[in-house]
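Work through the two exercises below with the sequence and the model open beside you, and try each task before reading its solution.

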Amino acid sequence: MRIMVLDDELFTGGFEQRDQLPRVLTGHDLTLAITLEEAKKKFKPPYDLILLDFDLNGNFGPVDNPNTGLAFIKWMVGIKQPAPLPQVILHSVSQKGRKAMHDLLDLYGYHVIEFPFSKAYLTFLESFLGR
């Protein structure tokens, strides 16, 4: 499975063991990014699954902050992608951020799951990926 992940705490051991995410995704074709700019450079569709955080680089703030998963989505929806569109899982703990991202993705026909990052999220992903 081709999977894109945008999360600024992928390798830091930050909130709720986010550094465990690459381990859970082992065996898949991964594109990992920790910044908005890195995600834009590395994004090469098609993907089967996209996992997104909202707040990037410690920018816990308003929904209109330019350094967010929402900013990535605004950019991504302008990129031509082959059908079918990938499944998107929003794992931000920011409820407002998840809602803004979900609303925009809905407008473009993406299938979206919201699951705030936690130990239960890692278990959910393992099950979702058939492990």
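**Exercise 1.** In what order do the 5 strands of the open sheet lie, and is the pairing parallel or antiparallel?

*Solution.* Bear in mind throughout that this is a predicted model. Step one is to read across the open sheet, where the strands follow one another as β2-β1-β3-β4-β5 and the pairing is parallel. Step two is to find its margins: β2 (29-33) and β5 (111-114) are the edge strands, each of them pairing on one side only. Step three concerns the twist, since neighbouring strands of this sheet are turned by 15 degrees against each other on average, with direction ignored. Step four looks at one pair in detail: β1 and β2 are joined in the parallel sense over 5 bridges, and leucine 6 stands opposite alanine 33 in β2. Step five adds a helix, because α5 (residues 119-128), by the 4.5 Å contact cut-off, packs on the sheet and touches β3, β4 (87-90) and β5, its direction making about 165 degrees with that of β4.

**Exercise 2.** Determine how many residues of helix α3 (residues 69-76) are buried, and what they pack against.

*Solution.* Begin with the count: 6 of the 8 residues of α3 are buried, and the helix is thus mostly covered. Next, name them, namely Gly69, Leu70, Ala71, Phe72, Ile73 and Met76. Then look for their partners, which are β1 (2-6), α2 (36-42), β3 (49-52) and α4 (95-107). Finally, inspect the start of α3, where a side-chain oxygen of threonine 68 comes to within 3.3 Å of the backbone nitrogen of leucine 70.

Conventions:
Residues numbered from 1 in each chain as written. Predicted model: local features only at pLDDT ≥ 70, side-chain atom pairs only at ≥ 80, totals over all residues. Heavy atoms only, no water. Buried < 20%, exposed > 50% of the residue type's maximum accessible area, 1.4 Å probe, protein only. Helix = DSSP H or I, 4+ residues; strand = E, 2+ residues; numbered from the N terminus. Polar contact = N/O pair within 3.5 Å; in protein donor to acceptor, adjacent residues only side chain to side chain. Pairing = 2+ DSSP bridges. Axes fitted to C-alpha atoms, helices over the stretch in contact; angles between N-to-C directions.
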